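Open the model in your viewer and keep the selection box at hand. The stops below go from strand to strand, then out to the rings and the core.

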Amino acid sequence: MSRASRTERLDYLKDQLRKRVVILDGAMGTNIQKFRLGEEDYRGERFADAARYPNDLKNNNDLLVLTRPDIILDIHRRFLDTGRTDILETCTFGATSIGQHDYFWHRPEEGSHKDQQYFQEVVDAHELKALVRELNLAAAALARQACDEAEAADGKPRLVAGSIGPMPVTCSLSPDVNDPGFRAVNFRQLRQAYRDQVLALLEGGVDMLLVETIFDTLNAKAALFAIEEIFEEQPESSVPVMVSVTLTDKAGRTLSGQTIEAFWNSIRHVRPFSVGINCALGPDLMRPFAEELSGLADCHMSIYANAGLPNPLSPTGYDLLPADMARFMKEYADHGLLNIVGGCCGTTPAHIFELSKIVGNYAPRPLPEARHETVLSGLEPLRIVPEANFINIGERTNVAGSARFARLIREGSYEEALSVAR
């Protein structure tokens with residue numbers, strides 16, 4: 001029997017989303033940890049030359065798609081063997097030139113702010129670009145192989161989502177406490193690094209793209225900008241885009257400080273296929289923010305939480321056993337919050353199997369009507385509605401109201417004028 005085409009798989013997914021909650025897979029990284037791999041596993045024969053590759057490669061999980069593809073394929077198959085998983089993520093969370101730089105590039109000596117120059121060198125490095133392409137192609141092929149095997153066994157299409165992680169650097173925050181205005185990386189560098197990854201994932205045949213574990217919305221916007229740019233250049237390559245944010249504290253803010261509503265306002269213009277929350281908080285602490293996002297987002301919702309907190313005394317290494325996870329996700333389903341559900345750190349195939357048994361009995365979350373109003377965001381959301389009072393925006397950068405700003409513009413001192421806006 002021939003396997004379904006990408007168009008047929010996406011049509012199947014959209015049809016299923018109208019009928020039921022769709023199942024995403026669970027964690028990749030914490031399942032890799034269970035194999036207790038050493039440096040030699042990560043290096044393999046390809047990277048065994050310590051003179052050429054002097055940095056430690058251990059824990060570079062993306063590299064395993066080249067050096068231990070058997071392990072990655074085994075994890076994919078285990079999630080699919082539950083018979084419940086619909087969407088499989090590629091092992092490409094850090095498969096960008098910037099994401100790989102600590103393993104394959106030498107940082108310049110500490111000193112003056114050379115970071116942006118350094119990251120530009122990383123982004124432009126031919127050998128890193130070549131490796132990024134190879135990593136993403138190999139990862140997509142492994143996920144596709146596992147999905148095709150499962151489809152051949154039971155006739156049900158499975159989809160591959162290209163995982164796009166948040167990068168180890170941030171465009172919104174300074175790494176230097178003595179210089180709050182400094183940035184280690186800029187938007188253009190992030191956009192190029194993401195572009196290289198996305199092009200390879202699409203070439204590898206992924207069905208969807210998943211921009212995930214977002215802790216800095218500006219980083220995510222660089223990824224989304226690169227994706228939209230590619231879709232404009234190559235309309236035939238367009239695929240659905242899933243977006244997932246991570247909230248780092250009980251106040252429900254990202255690491256860069258945004259609330260969940262401000263985050264949604266920042267990315268809603270790309271009309272994502274789905275938006276959701278993953279990682280950081282367990283399903284118990286994530287719940288109120290999922291409810292808030294569910295009321296805002298006029299697209300599908302995805303939730304894939306950690307299995308609680310790390311716990312070395314637990315059989316799974318995390319607080320929540322499969323039955324515990326299923327119990328929490330039942331509460332989400334009871335309140336109509338789910339369209340797509342899976343697991344993040346600490347979740348095993350057993351977690352996915354148990355929660356899928358529960359949510360399979362529920363109808364999916366109905367999509368709310370789009371709200372036609374002006375919504376803006378910084379760290380907090382701003383809604384401009386008829387009931388709002390007069391709103392001043394950028395008054396300090398008004399040439400008619402600020403003599404200093406007017407002088408800077410007349411003199412062409414745009415950088416200094418920009419500092420007023422900042």
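Select Ile303 and Val341: Val341, in strand E8, is the bridge partner of Ile303. E8 covers residues 340-343 and is joined to E7 by four bridges, the two strands running parallel. Strands here are DSSP runs of E with at least two residues, helices are runs of H or I with at least four, and both are numbered from the N terminus. Two strands pair if DSSP finds at least two bridges between them.

A word on the source. This is a predicted model, in which local features need pLDDT of at least 70 and side-chain atom pairs count only at pLDDT 80 or more, while totals for chains, interfaces and linings use all residues. Residues are numbered from 1 along each chain as its sequence is written, and side-chain values use heavy atoms, with hydrogens and water left out.

**Strand E7**

Select residues 300-305. This is E7, and six of its six residues are buried. Buried means under 20% relative accessible area, exposed means over 50%, and partly exposed lies in between (1.4 Å probe, protein chains only). In a regular strand the side chains alternate between the two faces of the sheet. On E7, His300, Ser302 and Tyr304 take one side, Met301, Ile303 and Ala305 take the other, and all are buried.

Add helix H13, residues 322-334. With E7 and E8, H13 makes a right-handed β-α-β unit. Right-handed means that, with the strands pointing away from the viewer, the path from the first strand over the helix to the second runs clockwise.

**Strand E6**

Now select residues 274-278. This is E6, which runs parallel to E7 and is joined to E7 by five bridges. Ser274 stands opposite His300 of E7. Helix H12, residues 283-296, completes a right-handed β-α-β unit with E6 and E7.

Which strand holds the bridge partner of Met242? The partner is Ser274, in E6. E5 and E6 pair in the parallel sense over four bridges. Between E5 and E6 the chain passes through helix H11, residues 260-267, in a right-handed β-α-β crossover.

**Strands E5, E4 and E3**

Select residues 241-245. E5 is mostly covered, with five of its five residues buried. Val241, Val243 and Val245 point one way, Met242 and Ser244 the other.

E4 is joined to E5 by four bridges, and the two run parallel. Ile214 has Val245 of E5 as its bridge partner. The crossover from E4 to E5 goes through helix H10, residues 217-233, and is right-handed.

In E4 (residues 208-214), pick Thr213. Thr213 has 10% relative accessibility, so it counts as buried. Setting aside neighbours within four places in sequence, its contacts (heavy atoms within 4.5 Å) include Phe93, Pro166 and Asn278.

Add E3, residues 159-164, which pairs with E4 in the parallel sense over four bridges. Gly162 stands opposite Leu209 in E4.

**The whole sheet**

Show every strand. Eight strands form an open sheet in the order E1-E8-E7-E6-E5-E4-E3-E2, with parallel pairing. E1 (22-23) and E2 (87-89) are the edge strands, each pairing on one side only.

**The core**

Colour the nonpolar core. A core is a set of buried Ala, Val, Leu, Ile, Met, Phe, Trp, Tyr and Cys residues joined through side-chain atoms within 4.5 Å. The largest core has 104 residues, and Leu209 and Ile277 have the most contacts inside it. Helix H8, residues 126-154, gives the largest share, 11 residues. A second, separate core of 16 residues includes Met208 and Ile340.

Zoom in on Ile277. Beyond its neighbours within four places in sequence, its contacts include Val245, Phe289 and Ile303.

**Rings**

Five aromatic pairs turn up in the whole structure. Rings of Phe, Tyr and Trp (its six-membered ring) pair if their centres lie within 6.5 Å; planes under 30 degrees apart are stacked, over 60 edge-to-face, and the rest tilted. Select Tyr53 and Phe104: an edge-to-face pair, 5.8 Å centre to centre, with 90 degrees between the planes. Tyr53 lies in the loop between helices H3 (39-43) and H4 (64-67) and Phe104 in helix H6 (residues 101-104), so the pair ties together parts 51 residues apart in sequence. Both Tyr53 and Phe104 are buried. Phe47 joins Tyr53 and Phe104 in one aromatic cluster.

**Last stop**

Select Glu415 in helix H16, residues 414-421. Buried or exposed? At 58% relative accessibility, Glu415 counts as exposed. Its C-alpha atom is separated by 33 Å from that of Thr246, 169 residues away along the chain.
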